[in-house]
Amino acid sequence: MLKRIFLIIFTAAVLACHAAPKPQPIVDGVTNIKPDEQQQLVIKEVVNLIESYNYKKIQINDSISSLILDRYIKALDPGRNYFIASDIKDFEKYRNTLDDDFKNGDLSAPFYIYNVYAKRLNEYFTYSLAQIKTKFDFNQNDTYIYDREKMPWATSVTALNDTWKKRVKYELINLNLAGTTGAKNIETLTKRYQNLQSQTSKANNQDVFQILMDAFTESIDPHTNYFNPSNAVAFNEDMSRSFEGIGARLQLENEVVKISEIIPGGPAFKGKQLSAGDKIIAVAQGDGEFVDVVGWRLDVTVTKIKGPKGTKVRLKVIPVGKEMSSKPVIVELVREKIILEDQSAKKKVKTINTNGKSYKIGVISLPAFYADFKAANSGDKNYKSTTRDVRKLIDSLKTFDKVDAIVMDLRSNGGGSLVEAISLTGLFIDKGPVVQVKDLRGKIEVDEDENTGVAWDGPFGVIVDRLSASASEIFAGAIQDYGRGIVMGTQTYGKGTVQSSIDLNKLVNPGMLQRVAGLITKNKTTGTAPSSTNPADINLGQINLTMAKFYRVAGSSTQHKGVTPDVVFPSIYPMDKIGEDTEPSALPWDVIPTSNFKPVANLAAVKAGLLKNSEQRISSSLDFKYLKQDISDLKKRDAEVSVTLNENKLKAEREAQEAKSLARQNELRALRGLPAIKKGEKITKQDAFDFIEDESLKVMGDFMQQSGNYVMNLGTAF
């Protein structure tokens with residue numbers, strides 16, 4: 001039903017009369033990027049969708065136009081290093097017109113602003129490259145202001161030259177301090193700037209449109225997002241934790257695509273013909289002709305290498321360690337579906353000792369709430385999902401590891417699938433409400449776990465931090481409200497809104513796509529993505545539209561306030577810089593009536609004892625002492641906007657900081673019975689110590705000893 005309503009509004013708006021886009025002003029000195037017809041269609045329809053279905057019920061008006069302009073300029077030049085005052089004055093004429101322009105599909109203003117930015121950026125590269133060979137005085141007591149955000153816009157390019165020249169000097173000092181020679185540093189920095197200039201020159205209208213749409217949607221609320229076609233693919237691959245291709249991670253180095261990692265289990269791994277460090281210089285589809293990809297954008301090369309499973313791709317490769325002039329090796333691979341196991345749920349077992357008693361605790365690390373909905377909808381019985389993966393891990397922890405307790409680590413888990421948050425909660429509670437959802441009409445829906453029984457009925461804990469958001473907060477909040485376990489860590493992010501993912505192509509009938517394809521053929525513009533007029537090549541992208549709010553089963557919204565743990569630790573992230581309550585366009589916190597849920601236990605009394613014990617340990621913990629010092633130091637550094645350009649002073653400052661850090665590391669290592677390390681010596685992964693996890697496990701040890709008299713009313717374990 002919702003899709004049909006969307007389709008009616010979408011199609012009606014396309015057919016509606018509207019003013020033709022204004023001619024886009026030309027910026028001399030750069031290739032002018034222009035929007036294409038499908039982007040003009042998308043902007044109109046996103047306006048319609050937001051005005052009709054966004055939870056805030058907001059109208060796109062002059063005040064929103066003003067916010068968009070400010071966000072767009074800041075997105076392009078956050079440090080005020082490129083635009084000059086006359087540019088900003090010129091852009092003021094668009095302050096109250098973007099709303100009307102967008103409704104008419106007119107993108108001439110933001111694309112003109114981008115082209116001015118591209119011109120200023122090119123001026124920066126040209127000037128900076130000319131300054132690299134300057135004979136700088138590295139003993140001079142001057143400073144480089146790297147953050148000009150709160151300063152006035154420079155009055156001219158000449159006025160900015162001093163900033164740009166000092167940036168070059170600063171980068172040369174950094175290279176000097178790294179121990180390389182002056183001549184080598186000049187060569188390194190020249191190549192760096194040339195590569196940056198080359199990559200920025202490859203920007204196309206999809207890049208510009210994405211920056212603009214981010215500024216637009218974030219002016220509405222922080223989590224309504226538009227994804228251009230390539231970003232939509234990346235988003236959905238991240239959600240499913242899978243993609244179809246050869247199983248290699250790529251990066252760009254000096255205009256050449258290099259393999260940075262081979263993913264275990266994929267064709268590249270099984271074929272044993274590719275290695276990390278190999279350079280890919282050409283790609284061929286099946287038995288077709290090779291296409292040279294040197295100098296290409298990384299995302300474009302990736303689209304050539306990826307493809308449907310079962311199809312063949314051939315690569316021309318310069319093996320790692322060989323010169324670019326070497327004869328390339330041809331590698332033939334058949335694409336497969338790649339499962340990203342390294343980004344999926346994992347388990348480990350830790351043993352702790354509490355008051356002379358030993359406990360084995362299973363720790364499940366969950367980076368996101370993922371699900372391969374495409375595979376599930378196609379009938380794949382082995383589709384990838386959070387709940388399926390965690391269930392297997394729980395079975396292993398119970399059957400083979402014989403753990404006494406389980407902890408779910410949701411640190412840095414930004415959320416994902418609402419369905420998975422509900423079903424995962426069902427592994428730890430019997431049937432009942434998990435989350436309440438209120439839509440833009442004010443209708444409240446209670447989403448429940450409908451499966452009888454639990455996968456784990458023993459002691460349970462959840463670790464969260466400031467980056468735990470959305471689905472993580474639903475899960476942690478439900479566990480807390482039910483009294484099913486102990487939540488430990490820091491106050492979570494506070495994202496309590498629901499987004500619906502809308503494929504814009506599905507809202508347009510084929511006739512409309514044919515019309516757009518015809519318009520693109522008729523009016524080719526610089527930077528347009530499609531090279532064919534086939535409607536199948538038209539991709540309008542995807543919008544994640546905020547259409548509802550989450551509420552805990554007890555009635556409180558997770559919006560803004562997030563979840564406050566039962567046992568609170570100091571935060572490793574700045575709470576005043578990260579979180580929903582730092583977002584100007586965020587929705588407010590509120591409450592609704594409680595749902596009909598039945599807590600399995602009342603842990604109020606035991607929580608007080610756990611908090612007291614934890615606070616005592618933290619007060620005497622060297623790790624937490626240093627964490628608090630780091631938080632204080634971070635606040636001081638955050639207030640800084642400049643750095644000395646006296647090489648000896650900068651060297652002394654860094655050496656003092658390195659000496660302090662080394663002394664701290666060795667003090668902590670001594671406490672753990674590890675040998676001291678020397679300056680420049682790297683810490684091995686085995687030596688790394690997660691003191692947040694360690695304190696969480698100690699809390700769980702206390703919990704198991706103090707909660708012996710508490711009975712939880714859970715279903716039968718399965």
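The following exercises, each with a worked solution, deal with the predicted model shown above.

Residues are numbered from 1 along each chain as its sequence is written. Local features need pLDDT of at least 70 and side-chain atom pairs count only at pLDDT 80 or more, while totals for chains, interfaces and linings use all residues, and side-chain values use heavy atoms, with hydrogens and water left out.

**Exercise 1. The whole protein**

Task: Find how many helices and strands the protein has, and compare its radius of gyration with the globule rule.

Solution: Begin with the DSSP runs, which count as helices when they are H or I over at least four residues and as strands when they are E over at least two, numbered from the N terminus; the protein has 21 helices and 21 strands. Next, take the radius of gyration, which is 28 Å and close to the 27 Å that the globule rule gives for 718 residues, so the protein is as compact as a globular protein of that length. The radius is taken over C-alpha atoms, and the rule is 2.2 Å times the number of residues to the power 0.38. Finally, turn to burial, where buried means under 20% relative accessible area, exposed over 50% and partly exposed in between, with a 1.4 Å probe and protein chains only; buried residues make up 49% of the 718 residues.

**Exercise 2. Helix α8**

Task: Determine what span helix α8 reaches, and which elements its buried residues pack against.

Solution: Helix α8 covers residues 182-200, and its 19 residues reach 27 Å from the first C-alpha to the last. That span is close to the expected 27 Å, the expectation being 1.5 Å times one less than the number of residues. Then list the buried residues of α8, which are Asn185, Leu189, Thr190, Tyr193, Gln197 and Ser198. They pack against α6 (108-131) and α7 (157-177), where contact means heavy atoms within 4.5 Å.

**Exercise 3. Ser385 and Lys438**

Task: Establish where Ser385 is found and where the place of Lys438 is, and whether each is buried or exposed.

Solution: Ser385 is found in the loop between α13 (373-377) and α14 (386-399), and it is buried, with a relative accessible area of 1%. Leaving out residues up to four places away in sequence, Ser385 touches Tyr370, Ala371 and Glu420. The C-alpha atoms of Ser385 and Ser240 are separated by 7.5 Å, although these residues are 145 apart along the chain. Lys438, by contrast, has its place in strand β14 (residues 432-439), and at 17% relative accessibility Lys438 also counts as buried. With the same exclusion of sequence neighbours up to four places away, the residues that Lys438 touches include Tyr55, Ala548 and Asp590.
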